[in-house]
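Welcome! Here are a few short exercises to help you find your way around a new structure. Try each one yourself before reading the solution.

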Amino acid sequence: SLQGRRRRQNGELAAAAALCAAVGVVGLVVLRQKRRQRRRRRFFPPPIKGLRLFEDVFSISEATELVHKVNALERRLRLDFEDGSHRTTRKSRSYSRIPPAFAERQQSRVMLQFGAYANANRVQETDRVEPLPEFLEDVAKRLVALGIFEAPPETCCVNLYEPGQWIPAHVDNPKFGRPFATVSLGSEQRVEFVKDDERAVGFPLPVGSVLRLDGPAANEWRHGIPPVTESRVSLTFRTLATEVRQRQAETRKEAKERRELKAEAKRRKKALHRQEKGRGRARDDQEATGVVLSPCSPSSSQRSTPVELEEEDEDDDQKKRGVPA
């Protein structure tokens, strides 16, 4: 019948539509897989022992939020540094501006250092800086959860690059433990590795990725960042070598003892000052009441009262008259 033919046609159309939808979904999945494979081939790091790249550790939204927090932190530390407070508190060592000589050739970048202070790749164990902020501690915990670190790293160097800035190839100071890892934010930029006089090899660091260096990749290969094309932020998490941690603990203990001794001396000085001030007030009160004693005058206990003076006069009269006392 006519109705039966229409039902069959509608069923065939529905089946065809479902088939097309399924084919479209499958095609989309295949396309995404191919794109991912191409992306992986593009970002695949060179075969250097100890080098590993973790992709998509942070989503784009998470990476953007981290950049906002870093910028707010940089603004606060920079203002603290510029108003001169770094001369009275050592916490402002957390902010490191670019030296003028480096700024002329756009070498280096602004650094925010937490947990440890390094200058020109030299760790200065006696300088104290701020501990890791809470949001950087959360990042460190995620790196531990992914197996990048066995324990949360206690230091972080935040690098803020502007277009054209770069850092030369180098090996991180051995006072920092191995491995160490860098989180890339802001924009996709290239990192290069070079060993001895061999040709440099490099690859891009995607936003939200983590580059982990250990063994030969950290100790034998030098790594550097060529001039960046856009603003970039990187978070380099590191631990301190065991002997450095021990020396730091000893240094902090000695500094604490010195502070305590200085505070005790200050308290004693204040106590002496209060005593002297109290004695001065007592002398002022004596002068105001007219009971000031000269060194040659008898003390108050030795002074004669009016009654005693009368008795002494009577005794003198009796002696003159020959009357026994």
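**Exercise 1.** What volume does the largest cavity have? Describe its lining as well.

*Solution.* Keep in mind that you are looking at a predicted model.

Step 1: Count the cavities. With a cut-off of 30 Å³ or more, there is one cavity.

Step 2: Give the volume. The largest cavity comes to about 50 Å³.

Step 3: List the lining. The residues around the largest cavity are Q113, F114, A116, T155, C156, C157, F176 and R238.

Step 4: Sort these residues by character. Five are nonpolar, two are polar and one is charged.

Step 5: Trace the lining back to the strands. Both β3 and β6 supply at least two residues, and the largest share, three residues, comes from β6.

**Exercise 2.** In what order do the strands of the open sheet lie, and which strands are at its edges?

*Solution.* Step 1: Read across the sheet. Its seven strands follow the order β1-β11-β8-β13-β6-β3-β2, with antiparallel pairing.

Step 2: Look for strands that pair on one side only. These edge strands are β1 (51-54) and β2 (95-96).

Step 3: Zoom in on one pair. Strand β8 (residues 180-185) runs antiparallel to strand β13 (residues 232-238), and five bridges join them. Across this pairing, A181 stands opposite F237 in β13.

**Exercise 3.** Which strands do helices α2 and α4 touch as they pack on the sheet?

*Solution.* Step 1: Start with helix α2 (residues 60-82). This helix touches β2, β3 (110-114), β6 (155-161), β8 and β13. The direction of α2 makes about 90 degrees with that of β3.

Step 2: Move on to helix α4 (residues 134-145). Its contacts on the sheet are β3, β6, β8, β11 (210-213) and β13. Here the angle between the directions of α4 and β13 is about 65 degrees.

**Exercise 4.** How much space lies in the largest pocket, and which residues are closest to its centre?

*Solution.* Step 1: Begin with the volume. The largest pocket holds about 990 Å³ of space.

Step 2: Find the centre. The pocket is lined by 45 residues, and those closest to its centre are S108, R109, M111, A120 and N121.

Step 3: Sort the lining by character. The pocket lining has 22 nonpolar, 16 polar and seven charged residues.

Step 4: Ask which element gives the largest share of this lining. That is β13, with four residues.

Conventions. Residues numbered from 1 in each chain as written. Predicted model: local features only at pLDDT ≥ 70, side-chain atom pairs only at ≥ 80, totals over all residues. Heavy atoms only, no water. Pairing = 2+ DSSP bridges. Contact = heavy atoms within 4.5 Å. Axes fitted to C-alpha atoms, helices over the stretch in contact; angles between N-to-C directions. 1 Å grid on protein atoms, 1.4 Å probe; cavity = no way out; pocket = protein on both sides within 12 Å on 5 of 7 lines; lining within 4 Å. Points joined across faces, edges and corners; volume = space filled by probe spheres on them. Nonpolar A, V, L, I, M, F, W, Y, C, P; charged D, E, K, R; others polar.
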